[in-house]
Amino acid sequence: MQGPELIFLEALENLLAEEFDRFKYALTCIECDGGGKIPKCRLEEANTQMKLVDFICSYYGEDVAVKMAIFALELMKMRDAAANLRVKRAKDYRLKYSEHIQNQYKVIKDMNSHLGENVNLNSRYTKLIIVKEHRSKKEREHEIMDSGRRHAEIITKRASSVTINCLFDPDKDGQIPPIVVLQGAAGIGKTMTAKKIMFDWAVGELYQSRFDYVFYINCREINSGIEQGSVADLTLKNCPDQNAPVDKILRNPEKLLFIIDGFDELRFSFAQSESNLCSDPFEKQSAAMILSSLFRKKVLSKSYLIVTTRPTALEELQQYLQGEWYAEILGFTEAEREEYFYKFFKNEEKTRKAFNFVKENEMLFTMCFVPIVCWIICTVLNQQMEEGKDLAQDSERITGMYMLYVFSLLKGHSSNSKQQIQVNWKGLCSLAKHGLDMSDSLFLNENVFLKYNDTECVYSFIHLSLQEFFAALFYVLEKEDTMVEESETAVNDVKKLLENYGKSRNYLTLTVRFLFGLLNTETMEAINKKIKCKISSKIKPDLLKWIKNKLKISSLSWKSDEELSPLKSAEMIYLLEEFHCLYEIQEQSFVQSALNHFTELNLAEYNFSKMDQVALSFCLKNCCKLETLNLNLCLFGSEDPNKDFPRELHQDESNHSDIYLFCRALKEPNCKLKKLKLWGCVLTAACCGDLSSVLRTSQNLTVLELGYNKLRDLGMQLLCEGLEHPNCKLQKIK
């Protein structure tokens, strides 16, 4: 690569002696930006081309020196020589710009990282699912909140994914989109994708023949930037210095790509009159006017745009675009989640331990499709392993996982007073709850605004699930009388929350699950210890009354289902969700009280995920009066039946069957089950081994129905071993 000095020297080598003297004189007539004119006496000793180049470059700096040379040649009317030098300078600057962008984007900062802690972008970046379609709000709601196998099914139904290098490929009519809108939910990877595009272009792996320059515009920075500026100023912000040949760069707009990241974060109106829009890239205007002019193609009309946004701002954005093409980031597939774990931990043993643990927890594993949540979970598990703690102890419950993450955020704020931390903590909870109240859809508000001292501050949670955690915390934190809004008590707040629960599918599901988890005794003590905020136990009786009533209503329909007519799918999901809530609170007396009215439970024709089994097994061993359990036509297993993942929580149980957890619950002393129905459940010989163990242990089981299962000889042999045991009380087997 030729440097500025060589380019400058080449231009001088073509000058005659008389032209060289005129060139030196012209230099003394030009006023440098803010630097004044160069004194004539300073040029007297620069009597050769090499000496002049050395002097001017040391006096002005290399880039400015070339710029001064162009001005001098133009002043001498040597326009061809000036144009030639300008072209060479632009080419040289493109290489310099590329190197600058490489250095700027090759590393990223983890959230809450310490000063100087960086991560290599390529070592962390994991491919995301990007689809070429514009999906309805309803579709997105189901995808974000569905879990486990249901979530995997939704992802696989999506159109074929595309890669970032295909974003500007011609469509079926041969048209190349001038604008690509890249949408996605909070924390799904929009900014990471934008930075990956910048880096890949700079290293020569992306859009090389299509774009000479790619510029990144951060909308959050635009909000706090200067009031007046120009498109040229926006490009200069990306450059390594203020001496970029902007005029030359902007002369070829068809070779330019602007990445405008975070349209949804802009805090000004785009309802600008077209007559006020600017067409001159050097014209100073407000940020709203500049961006409006770019969006509407009034300035640099032949340039290309990538605009990232959350779906909430899509409607507004569409008003200002023409000929745009839509793509959506859906997150990680199962395979990419595993790849992300490997890239995060960079250690085979740690990766397998963490990934197997999360794989066993359906809710955690499902939420890992969102990169930011995947990062949160990896961060917490890494901290737990580094401290030598048992992952299952604090991280098995989703509430415990989020609590540990939030606690990790406090580590960098040890200098803050406990009182200030409490104020900030309660403020976050209030904002989260406010978003819940203002929600007009199945989502919490992704942005919450607060006016303070006439300054508008924007607060946004990095992911909706984190907002739901803080919203749940709002309901359980003890409040001073002065903090109770509109005279509502904490109990009334919770009653209102529970009344709204279940009105729409998935609405408030996670919030209520967190609510139960936060009322766990150990969790309450941990929060009090860490931030000196007390959690009120006053709402526990109301919570118990609510869930007993919910379960009692459902149990009436179970008792009427003597035939194999199961609950509707949606009702079953809510029923199991209530079992998940009881699993989160992890308190034996509470759970036993909630379930003490059950004598019969019908869960026929349901596909149980691993976490469904964990929650239900926990409830079964605390359901002291249950006598009949109907699991006919149920399926048991992991999300991916073709892939075997060892159970990290039960390493000694890796040879057990998919119904091991149920069988273990049936052997508990509190379990009084007399009749178990397992017709048509695709049971294996290994399942018979676990059932045989139940027969040898249970003092209550008298009826076992196993029809329409291919148990084979080995399965029958294992069952017979259990039946022959002296402790077996079974009277009837089908």
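Let's start with confidence. The chain has a mean pLDDT of 80, and 82% of its residues reach 70 or more. This is a predicted model, so keep that in mind throughout. Two stretches need a flag. Across residues 141–149 the pLDDT is below 50, yet that stretch still has 31 contacts in the model beyond near neighbours in sequence. Residues 440–458 also have a pLDDT below 50, and there the count is 50 contacts beyond near neighbours in sequence. Where pLDDT is low, predicted coordinates should not be read in detail.

Now the chain overall. There are 734 residues, and 54% of them are buried. The secondary structure comes to 32 helices and 22 strands. Take the contacts with a separation of 6 or more: 75% of them link residues 24 or more positions apart. The accessible surface is about 33,700 Å², and carbon and sulfur atoms hold 48% of that.

On to the sheet. What is the strand order? It runs β6-β5-β13-β7-β12-β10-β8, an open sheet of 7 strands with mixed pairing. The edges are β6, residues 161–162, and β8, residues 213–218; each pairs on one side only.

Let's walk across from the β8 edge. β8 is joined to β10, residues 256–261, by 6 bridges, and the two run parallel. Asn-218 sits opposite Asp-261 of β10. Then there is a helix on the sheet. Helix α9, residues 190–202, packs there and touches β7, β8, β10, β12 and β13. Its direction makes about 155° with that of β8.

Next step, β10 to β12. These two are parallel, over 5 bridges. Leu-257 faces Tyr-304 of β12 across that pairing. On the other side, β12 pairs with β7, again in the parallel sense and over 5 bridges. There, Ile-179 stands opposite Leu-305 in β12.

Is β12 enclosed or open? All 6 of its 6 residues are buried, so this strand is largely enclosed by the rest of the structure. Both faces are covered. Tyr-304, Ile-306 and Thr-308 are buried on one side; Leu-305, Val-307 and Thr-309 are buried on the other.

Then β13. Strand β7 joins β13 in parallel through 5 bridges. Val-180 has Trp-325 of β13 as its bridge partner. β5, residues 129–131, pairs with β13 in the antiparallel sense over 3 bridges. Ile-130 is the residue opposite Ile-329 in β13. In β13, 7 of the 8 residues are buried, so β13 is largely enclosed too.

Two helices next. Helix α5 covers residues 79–105, which is 27 residues. From first C-alpha to last it reaches 38 Å, close to the 39 Å expected at 1.5 Å a residue. Its buried residues include Leu-85, Arg-86, Arg-89, Asp-92, Tyr-93, Tyr-97 and Tyr-105. So charged and aromatic side chains are worth a look on screen.Helix α20 spans residues 398–409. How far apart are its end C-alpha atoms? They are 17 Å apart, which agrees with the 16 Å that 12 residues should span at 1.5 Å a residue. In α20, 11 of the 12 residues are buried, so the helix is largely enclosed by the rest of the structure. Among the buried residues are Ile-398, Gly-400, Met-401, Tyr-402, Met-403, Tyr-405 and Phe-407.

Last, three single residues. Thr-28 lies in helix α2, residues 17–29. Is Thr-28 buried or exposed? Its relative accessible area is 9%, under the 20% cut-off, so Thr-28 is buried. Beyond its neighbours within four places in sequence, Thr-28 contacts Lys-37, Ile-38, Lys-40 and Leu-43.

Tyr-207 is not a glycine, yet its phi is positive, about 55°. It is in the loop between α9 and β8. At 9% relative accessibility, Tyr-207 is buried.

Gln-586 is not a glycine either, and it has a positive phi of about 55°. The residue is in the loop between α27, residues 569–585, and α28, residues 588–595. At 32% relative accessibility, Gln-586 is partly exposed.

Definitions and conventions. Residues numbered from 1 in each chain as written. Heavy atoms only, no water. Pairing = 2+ DSSP bridges. Helix = DSSP H or I, 4+ residues; strand = E, 2+ residues; numbered from the N terminus. Contact = heavy atoms within 4.5 Å. Axes fitted to C-alpha atoms, helices over the stretch in contact; angles between N-to-C directions. pLDDT = per-residue confidence, 0-100. Expected span 1.5 Å × (residues − 1). Buried < 20%, exposed > 50% of the residue type's maximum accessible area, 1.4 Å probe, protein only. Areas by Shrake-Rupley, 256 points an atom, 1.4 Å probe, with all protein chains shown as cover.
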